[in-house]
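Hi everyone, thanks for making time this morning. I'd like to walk you through a model I've been looking at, so let me put it on the screen.

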Amino acid sequence: MKLVGKQTWIYENEVYLQAVATAVGPMETEGPLGEQFDVTYPDLYCGEDTWELAERRLMKDAVQVCLTKAKLEINDVDFFLAGDLLNQNVTANYIARDLPVPFLCMFGACSTSMETLAVAAALVDGGFARRVLTATSSHNATAERQFRYPTEFGGQKPKSATFTVTGAGAALVSREKSKFRITAATIGKVVDFGIHNPLDMGAAMAPAAASTIRQHFQDLKTSPEDYDLIVTGDLSGVGSPILRELLREEGYELADNHRDCGLMIYRTDQEVFAGGSGCACSAVVTYGHLLKEMEKGNLQKIFVVATGALLSPTMIWQNESIPAIAHGVVLEVVKGER
Amino acid sequence: MKLRDNYQEAVKIFQPKPSYFLNSLKAFFVGGLICVAGQVLQNLYIEIFTLHVSVAQQMVLGTFILLTTLLTGMGVYDKIGQFAGAGSMIPITGFANSLASAALEHRSEGVVLGIASNMFKVGGAVIVYGVVIAYILGVIHYLFWKLF
């Protein structure tokens, strides 16, 4: 049985991250991890006419670079799993339109990066596919206009707001031995602790992250010390301390081995309020930065928990609260392959 | 009590407090500055073009709308808005920005279904309730005028 405990999958066959690629926009390029991304754009339009096309350009770049790195053609891929933040997942669907590959579209808001990776690994492990390509993207301007106000609107945002990352990440999962192995994944439950403020998504998502992480420890009978790093997607400066407190109450001390991608991608002097968010946040930080740290030998085993606020402006206007979800994937360095 | 038992209340200690005093101060000065500029401009229009006060006032509004639209297009007004809050939102400049920003945002969907249909997306509520309130006040004013 590959299901361990209640929500955790163990990949019994060896499943690897064969290649990864990232593409980002201007603010991310200027951030502390700027040099670690594969493709960077100096402006939000990324050479396109609209924000939506710009987001598509980012995902397309990530997919292409990922295939190039893996020395494969698109026809070598069995399935494509992707998702983004826009209505009807337009970025993923329109990218898939140009790819001659069966496609599963996924939506988990900002948790999509690890949702696609976990399912891809399960497909490969179960023998349903040899190679699965995953991709996620988000764009600051497309997200602003869909979830908030027009980009040039002069409203004041509170410090608890997050800043959607402009970027895309792609990963190729296969049985071909590489430096990184995907060993386990914990699929999250939708958790809603009644937060209504879409400008404070850290507080809305922290309980979902806590739920998934706690369940992961219980299912695998592990504890925070078993991981070199536990990384959350985009809890930001508000949600991160809440997560640590929620887990402390459950008897798990995250202490120094917890980081949040939303706090890693930007410098503190960049105007991003509480930190970065969006599908691309966990994807580009994990694929662009954390894997490089693992390659260098600084990290051996990490647990990446991508957090998603399942936010809909219409539901908020109808006085609903914000449900949230978090999915976690365990990545390990393969000994002797570094 | 555990954080999770009373989450919505207990979580407040983790949420950054808005600096009400500083924000009010910024709004007061920026809003005030816009009003002073309006008054100076009005006086100039009256002096230079020898306009009647009511005409000069309309000219000032027109000038401010034009300037705000330009600043919105140049990507400056949202930064002013983040700094000044209500200070730059309440004057006519805020309304002009809400229209211009929505128009800019939706130009990718064409001039009719994009710009025209979405232009009042943010500012529309101001017009609707402006008209409703004006109507109610008009009725009250009329009644008082008739009665007393």
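Before we start, one term: when I say buried, I mean a relative accessible area under 20%, while exposed means over 50% and partly exposed is what falls in between. Please also keep in mind that this is a predicted model.

With that cut-off in hand, let's begin in chain B, at B:Ser98. This serine sits in helix α6 of chain B. Is B:Ser98 buried or exposed? Its relative accessible area is 4%, so B:Ser98 is buried. As for what surrounds it, setting aside neighbours within four places in sequence, B:Ser98 is in contact with B:Met119, B:Val122 and B:Gly123, and also with A:Phe153 from the other chain.

On confidence, the predictor gives the complex an ipTM of 0.88 and a pTM of 0.93. For chain B, the mean pLDDT is 93, and 100% of the residues reach 70 or more.

Staying in chain B, have a look at helix α4, which covers residues 77–84. Which of its residues are buried? They are B:Tyr77, B:Asp78, B:Gly81 and B:Ala84. Seen down the axis of α4(B), these buried residues fall within an arc of 140 degrees, so they line one face of the helix. The general background here is that an α-helix has 3.6 residues a turn, so residues three or four places apart point the same way. And what does that face pack against? The buried residues of α4(B) pack against α2 (20–49), α3 (53–73), α5 (86–89) and α6 (92–105) of chain B. That last helix, α6, is where we just met B:Ser98. Right after α4(B) comes B:Gly85, with a positive phi near 60 degrees.

Now over to chain A. Its secondary structure comes to 10 helices and 14 strands. The radius of gyration of chain A is 18 Å, close to the 20 Å that the globule rule gives for 338 residues, so chain A is as compact as a globular protein of that length. Along the principal axes, its C-alpha atoms fill a box of roughly 55 × 50 × 35 Å. Of the 338 residues, 64% count as buried. If you take the contacts in chain A between residues at least 6 apart in sequence, 78% of them join residues at least 24 apart. The accessible surface of chain A comes to about 12300 Å², with 50% of that belonging to carbon and sulfur atoms.

Let's zoom in on a strand. In β14 of chain A, residues 324–333, 9 of the 10 residues are buried, so to speak a mostly covered strand. Which strands pair with it? One is β13, residues 301–309, which is antiparallel to β14(A) over 9 bridges. There, A:Ile302 has A:Leu331 as its bridge partner. Another is β9, residues 180–186, which also runs antiparallel to β14(A), joined by 6 bridges. In that pairing, A:Phe180 is matched with A:Val333.

Another strand residue to click on is A:Thr134, in strand β6 of chain A, residues 131–138. At 1% relative accessibility, A:Thr134 counts as buried. Beyond its neighbours within four places in sequence, A:Thr134 is in contact with several residues, among them A:Phe80, A:Leu117, A:Ala170 and A:Tyr287.

For contrast, try A:Leu220 in helix α6 of chain A, residues 201–220. Its relative accessibility is 22%, so A:Leu220 counts as partly exposed. Not counting residues up to four places away in sequence, A:Leu220 touches A:Val4, A:Thr8, A:Ile10, A:Ala184 and A:Tyr227. One of these, A:Ala184, falls within the β9 range, 180–186.

Last topic: backbone angles. Most residues other than glycine have a negative phi, and here are two that do not follow that pattern. A:Asn89 has a positive phi of about 45 degrees, and A:Phe273 has one of about 55 degrees. Where are they? A:Asn89 is in the loop between β4 (79–84) and α3 (90–97) of chain A, whereas A:Phe273 is in the loop between α8 (261–264) and β12 (276–277). Their cover can be compared too: A:Asn89 is buried, with a relative accessible area of 7%, while A:Phe273 is partly exposed at 33%.

That's my tour, and I'm happy to take questions!

Technical notes:
Residues are numbered from 1 along each chain as its sequence is written. Chains are lettered from A and ligands numbered from 1 in the order in which they are written. This is a predicted model: local features need pLDDT of at least 70, side-chain atom pairs count only at pLDDT 80 or more; totals for chains, interfaces and linings use all residues. Side-chain values use heavy atoms; hydrogens and water are left out. Buried means under 20% relative accessible area, exposed over 50%, partly exposed in between (1.4 Å probe, protein chains only). Helices (H or I, at least four residues) and strands (E, at least two) are DSSP runs, numbered from the N terminus. Two strands pair if DSSP finds at least two bridges between them. Contact means heavy atoms within 4.5 Å. pLDDT is the predictor's confidence in each residue, from 0 to 100. The arc is that of the directions from the helix axis to the C-beta atoms. The radius of gyration is taken over C-alpha atoms; the globule rule is 2.2 Å times the number of residues to the power 0.38. Accessible areas come from the Shrake-Rupley method with a 1.4 Å probe; for residues, only the protein chains shown count as cover.
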